[in-house]
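Subject: Handing over the model, with notes on what was found

Dear colleague,

Please find the structure below, which I am passing on to you together with my notes. I would suggest keeping it open while you read.

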Amino acid sequence: MARMKELFMEMLEQEPLNVPQEYPVYKTDILCPNCTESTLVQMSHDEYACDRCAYNFVSVEGSLRFK
Ligand SMILES: [Zn+2]
């Protein structure tokens, strides 16, 4: 599901150019624990999202939990 990524790109475009992104979003190689059809996108230091099923996950002590 690309909708979340599109929304996030819109958010990025609304950021002033001189403000650095604290957490650039990047694709990880972690397979989504929910749908296992896509890898997770890291949204922030400990937050991950699946761009396929749109589930959000949070990293707790090194393991992923459903948010
Ligand atoms: Zn998923």
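The notes that follow go from the overall layout to the sheet, then to single residues.

Please keep in mind that this is a predicted model, in which local features need pLDDT of at least 70 and side-chain atom pairs count only at pLDDT 80 or more, while totals for chains, interfaces and linings use all residues. Residues are numbered from 1 along each chain as its sequence is written.

The overall layout

The chain holds one helix and five strands, where helices (H or I, at least four residues) and strands (E, at least two) are DSSP runs, numbered from the N terminus. Read from the N terminus, the order of these elements is α-β-β-β-β-β. Of the 67 residues, 9% count as buried; a residue is called buried if 20 or more other C-beta atoms lie within 10 Å of its own, exposed if 12 or fewer, and partly exposed in between, with C-beta atoms placed from the backbone. Two residues are in contact if their C-beta atoms, placed from the backbone, lie within 7 Å, and among contacts between residues at least 6 apart in sequence, 14% join residues at least 24 apart.

The sheet

How are the five strands ordered in the sheet? They form an open sheet in the order 1-2-3-4-5, with antiparallel pairing, and two strands are said to pair if DSSP finds at least two bridges between them. Strand 1 (26-31) and strand 5 (63-66) stand at the edges with a single partner strand each, so one side of each has no neighbour in the sheet. Neighbouring strands are turned by 40 degrees against each other on average, direction ignored; for such angles, axes are lines fitted to C-alpha atoms, for helices over the stretch in contact, and the angles run from 0 to 180 degrees between N-to-C directions.

Going through the sheet pair by pair, strand 1 is joined to strand 2 by three bridges, and Tyr26 has Gln42 in strand 2 as its bridge partner. Strand 2 pairs with strand 3 over three bridges, and a hairpin through four residues joins these two strands. Strand 3 is joined to strand 4 by three bridges, with Glu47 standing opposite Val58 in strand 4, and this pair forms a hairpin with five residues between the strands. Finally, four bridges join strand 4 (residues 56-60) to strand 5, where Val60 stands opposite Ser63.

Buried and exposed parts

Which residues make up the largest nonpolar core? The six are Cys32, Leu40, Tyr48, Ala49, Cys50 and Phe57, a nonpolar core being a set of buried Ala, Val, Leu, Ile, Met, Phe, Trp, Tyr and Cys residues joined through C-beta atoms within 7 Å. Strand 3 (residues 47-50) gives the largest share of this core, three residues. Leaving aside neighbours within four places in sequence, Phe57 is in contact with Leu40, Tyr48, Leu64, Arg65, Phe66 and Lys67.

Strand 1 lies largely in the open, because the number of buried residues among its six is zero. Thr28 belongs to this strand and is exposed, since 10 other C-beta atoms lie within 10 Å. Its contacts beyond four places in sequence are with Thr39, Leu40, Val41, Gln42 and Tyr48. Thr28 and Tyr48 are 20 residues apart in sequence, and their C-alpha atoms are 9.0 Å apart in space.

Gln42 is placed in strand 2 (residues 39-42) and counts as partly exposed because it has 18 C-beta neighbours inside 10 Å. Its bridge partner in strand 3 is Tyr48, and beyond four places in sequence Gln42 is in contact with Val25, Tyr26, Thr28 and Tyr48.

Two loop residues

Most residues other than glycine have a negative phi. Thr36, which is not a glycine, has a positive phi of about 50 degrees; it is found in the loop between strand 1 and strand 2 and is exposed, with 11 other C-beta atoms within 10 Å. Ala54, in the loop between strand 3 and strand 4, has a positive phi near 70 degrees and is partly exposed, with 15 other C-beta atoms within 10 Å.

With best wishes
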